[in-house]
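Q: Hey, I've just opened a structure I don't know at all. Can you walk me through it?

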Amino acid sequence: MEGEEGEGPRGRGLGREEDDQDDNFEYGGKKGKAGAIFVLENASLEVGKVGKTMTLLNCDDHANFLRKHRKDPADYRPDIAHQALLAVLDSPLNKAGYIKAVYVKTKKNVLFEISPQVRIPRTFKRFCGLMSQLLQKLSIRSSSSPKKLLRVIKQPVTKYLPVTHCRRIGFSRSADKIRNLKEFADSVNTKTGETCVFAVGVMSHGKIDTPWVDEMISISQYPLSAACCISKITNALEGKFNVV
């Protein structure tokens, strides 16, 4: 993958349908079919200059640097976003073509889009290098084609979500009701090509602020990691779509 500076789409808009897409970006999903979009909220992805090098900050390698700048090292957990992205992109649901898009919003309010076709680095060190490159260069192209695989885009995320046949669900342990994900998956309308948008927090603690979702739900009486939550979501939808 190669870094390249660039801009996201302009204008606020109300959403994006499948015919309104950028030819320079590698999209996922099956056109006209039901599927899922993931929005990962509050990701701890921040670049800082440590010594002479710009690097993605994390609590293990940069604790002294963060304390020196009066920041809490416990808040710098890019590993959570790494694990969550692997859970999304490595899922059979994605490999079967049912994940249409992945968006990540950082704590610093940077929004970027990741193609479901991308292969995220397995090692944390390489993941940090990729995220550092993206946040500085604004986009990353495939080394084998001119299409972009990751790109920083303009907010809000809602202007990239479908306008019609779309349900937007947020996840929080403190939500009023616990939903059975199998029952939720069974309710997805495949005839209309319904898209389910899932907002999941990828931070060490706290709640996501997503006023644009239709409802907030909990899927367990226990606190779950972002990766575990995503795996439960994808497993339920794999059952719905007969993905083995």
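A: Sure, let's go through its pocket, a pair of helices and some backbone details. Keep in mind that this is a predicted model.

Q: Okay, pocket first. What volume does the largest pocket have?

A: The largest pocket comes to about 520 Å³.

Q: And how many residues line the largest pocket?

A: There are 24 residues lining it. Nearest the centre of the pocket you'll find Arg173, Gly201, Leu224, Ser225 and Ala226.

Q: Which elements each supply at least two residues of that lining?

A: Helix 2 (78-89), strand 10 (195-201) and helix 6 (226-240) each do. Helix 6 gives the largest share, with 3 residues.

Q: How do the lining residues divide into nonpolar, polar and charged?

A: For the largest pocket, that's 12 nonpolar, 10 polar and 2 charged.

Q: Let's switch to helix 2 and helix 6. At roughly what angle do their axes cross?

A: The axes of helix 2 and helix 6 cross at roughly 15° and come within 8 Å. Angles under 35 degrees count as roughly parallel, so helix 2 is roughly parallel to helix 6.

Q: Is that crossing of helix 2 and helix 6 left-handed or right-handed?

A: The crossing is right-handed.

Q: Which residues meet there, between helix 2 and helix 6?

A: From helix 2 it's Ile80, Gln83, Ala84, Ala87 and Val88, and they meet Ala226, Ala227, Ile230 and Ser231 of helix 6. The contact residues split into 7 nonpolar and 2 polar, with no charged ones.

Q: New topic: the backbone. Is the peptide bond from glutamine 155 to proline 156 cis or trans?

A: That bond is cis, with omega near 0°. Proline 156 sits in the loop between strand 8 (148-153) and strand 9 (166-171).

Q: And what about the phi of leucine 138?

A: Leucine 138 has a positive phi of about 80°, although it isn't a glycine. You'll find leucine 138 in the loop between helix 4 (124-137) and strand 7 (139-141).

Terms used
Residues numbered from 1 in each chain as written. Predicted model: local features only at pLDDT ≥ 70, side-chain atom pairs only at ≥ 80, totals over all residues. Heavy atoms only, no water. 1 Å grid on protein atoms, 1.4 Å probe; cavity = no way out; pocket = protein on both sides within 12 Å on 5 of 7 lines; lining within 4 Å. Points joined across faces, edges and corners; volume = space filled by probe spheres on them. Helix = DSSP H or I, 4+ residues; strand = E, 2+ residues; numbered from the N terminus. Nonpolar A, V, L, I, M, F, W, Y, C, P; charged D, E, K, R; others polar. Axes fitted to C-alpha atoms, helices over the stretch in contact; angles between N-to-C directions. Parallel < 35°, antiparallel > 145°, perpendicular 65-115°, else oblique. Left-handed = near helix turned anticlockwise from the far one by under 90°. Contact = heavy atoms within 4.5 Å.
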